[in-house]
Amino acid sequence: MTKEEACEILLTGQNVFLTGAAGTGKTYLLNSYVDYLKKNRIPVAVTASTGIAATHMDGRTVHSWSGIALRKKLSTKELDELFYNTFTNERITGARVLIIDEISMLEERVFTLLDTVCKWVRKNSHPFGGLQIVICGDLFQLPPVPSKGEPPPRYAFHSSAWAGANFRVCYLEKQFRQEDPTFLEMLNAIRNSKVTRETLQILKTRLNQPIHGFPKPTKLYSHRVDVNAINDFELAQLKTEPHIYLMQSHGEADLVRALIESCLAPAELVLKKGALVMFVRNNFGEGYVNGTLGTVVDFEEEAPHYPVIEVKSGTRITARPTMWVNLDPDEKVVASISQVPLRLAWAITIHKSQGMTLDAAEINLGKAFGHGMGYVALSRVRTLEGIKLVGINDVALRVSPEVAAFDAELRRQSDGTRAELVGMDRSLVERLQEDFRIR
């Protein structure tokens, strides 16, 4: 399915599962839909399964938005408390559309609770209380994170709420991030559990190979302890003067804390001339996106001496603070943080790289421990030549067998969705879209 066809279906107000391989433009389409909703004054709640994913969409976690938080179940009394909580009630009843990004990391339990909460608070027995629910993500990417000492959680598609929502599946096919057919073939082989000797040979061509134009590419590691050690070590090697930028915060303490935890920029950012950095927000007007790499080449003369970053093209960008905000249903800011949108980029965890596009990466899969880690890490990079592979184990290229089986069904459903759209009279499509817009 094309992005244009998926957009047509979204505009009808039906529940949609927007999926496809890494780099097919899912987030771009989702952002375009959010812009359309806001332009037409259709109230939309933008959420994601994790705080990191939420920052990519300028949203909040679905746990926070719904009031579920970390609870594993909700009693009737707790549901009533959510109903009588002014902020929660206004958020849920004030929305017409609920968007959830990075659905692969949302577990069945939370998805079921979300359906229950929406029905209870909205006093509406329809799936999710009558909201249009749009979920987005690639199930082949990172799965739900298990709690310590508990069995692995199940994917959201196991929930009865998933079946009840009657999603129209829109499976995007065209990949925009990678254009090299050999690289795409390798990624799709991993995704489809069809890794062969030829697949491995393609990957091994990048084993310990330098990347032209990137003498120190960002390193992707599976464990945070390795990432922190590398970044601290590399920064200490620079003998230039350090500049420190402290995060500013305002608003409700709990909401501020949640913003800080979800923000990829650190609370204390220490930079030196020569430091390798990565932008962690999108700002097309300024010329950078989440994942753009660069080097600190200078600092402004006047305080607070914001850093000047030179990116691959040679363009120099002054990185000034940006805000991450938490809004109430009336679009009033109830919590905010402000920080220079950078982080040290000699290394980053594979988990935090999900959703990013990188020009180059040194990837160590020697300690990979979960389904999808290799696929996520490799698919972050635009080209095969942009990869330097320094380690791999037997787990790295595995994907979830149950996801692989379910994917075939999703493709079948997407074909049916497309056929339904193509076979529908154009005037009917336009009437459905108009009815949804003015409802």
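**Exercise 1. In this predicted model, find which residue of β3 stands opposite T47.**

*Solution.* Start at T47 and look across to β3: the residue opposite is R60. Now go to A48, which stands opposite T61 in β3. Step back to whole strands, and you'll see β2 (residues 44–48) and β3 pairing in the parallel sense over two bridges.

**Exercise 2. Work out which residue in β4 is the bridge partner of A45, and how many bridges β2 and β4 pair over.**

*Solution.* From A45, the bridge partner in β4 is L98. Then take the strands as a pair: β2 and β4 run in the parallel sense, joined over five bridges.

**Exercise 3. Lay out the order of the strands in the open sheet, then say which ones stand at the edges.**

*Solution.* Six strands make up the open sheet, and reading across gives β3-β2-β4-β5-β1-β6, with parallel pairing. Next, check the ends of that order: β3 (60–61) and β6 (168–172) each have a single partner strand, so one side of each has no neighbour in the sheet.

**Exercise 4. Decide whether the two faces of β2 are covered or open, and say what lies across the strand.**

*Solution.* Take one face at a time. V44, V46 and A48 sit on one side, A45 and T47 on the other, and all are buried, so both faces are covered. The split fits a general pattern: side chains in a regular strand alternate between the two faces of the sheet. Count up and five of the five residues of β2 are buried, so the strand is largely enclosed by the rest of the structure. As for what lies across β2, helix α2 (residues 26–39) does, and it also lies across β1 (16–20), β4 (97–101), β5 (132–136) and β6, running at about 160 degrees to β4.

**Exercise 5. Describe the largest cavity: its volume, its lining and the element that gives most to that lining.**

*Solution.* Begin with the volume, about 80 Å³. The lining is I9, T12, Q14, R168, T417, E420, L421, M424, V429 and L432. Sort those by type and you get five nonpolar, three polar and two charged. Now assign them to elements: α15 and α16 (426–438) each supply at least two residues, and α15 gives the most, with three.

**Exercise 6. Do likewise for the second largest pocket, and pick out the residues nearest its centre.**

*Solution.* Here the space is about 780 Å³. Of the 25 lining residues, P143, V145, P146, H351 and F369 lie nearest the centre. The elements giving two or more residues to this lining are α11 (224–237), α13 (350–353) and α15 (401–423). By type, the lining divides into 14 nonpolar, seven polar and four charged residues.

How values were computed: Residues numbered from 1 in each chain as written. Predicted model: local features only at pLDDT ≥ 70, side-chain atom pairs only at ≥ 80, totals over all residues. Heavy atoms only, no water. 1 Å grid on protein atoms, 1.4 Å probe; cavity = no way out; pocket = protein on both sides within 12 Å on 5 of 7 lines; lining within 4 Å. Points joined across faces, edges and corners; volume = space filled by probe spheres on them. Helix = DSSP H or I, 4+ residues; strand = E, 2+ residues; numbered from the N terminus. Nonpolar A, V, L, I, M, F, W, Y, C, P; charged D, E, K, R; others polar. Pairing = 2+ DSSP bridges. Contact = heavy atoms within 4.5 Å. Axes fitted to C-alpha atoms, helices over the stretch in contact; angles between N-to-C directions. Buried < 20%, exposed > 50% of the residue type's maximum accessible area, 1.4 Å probe, protein only.
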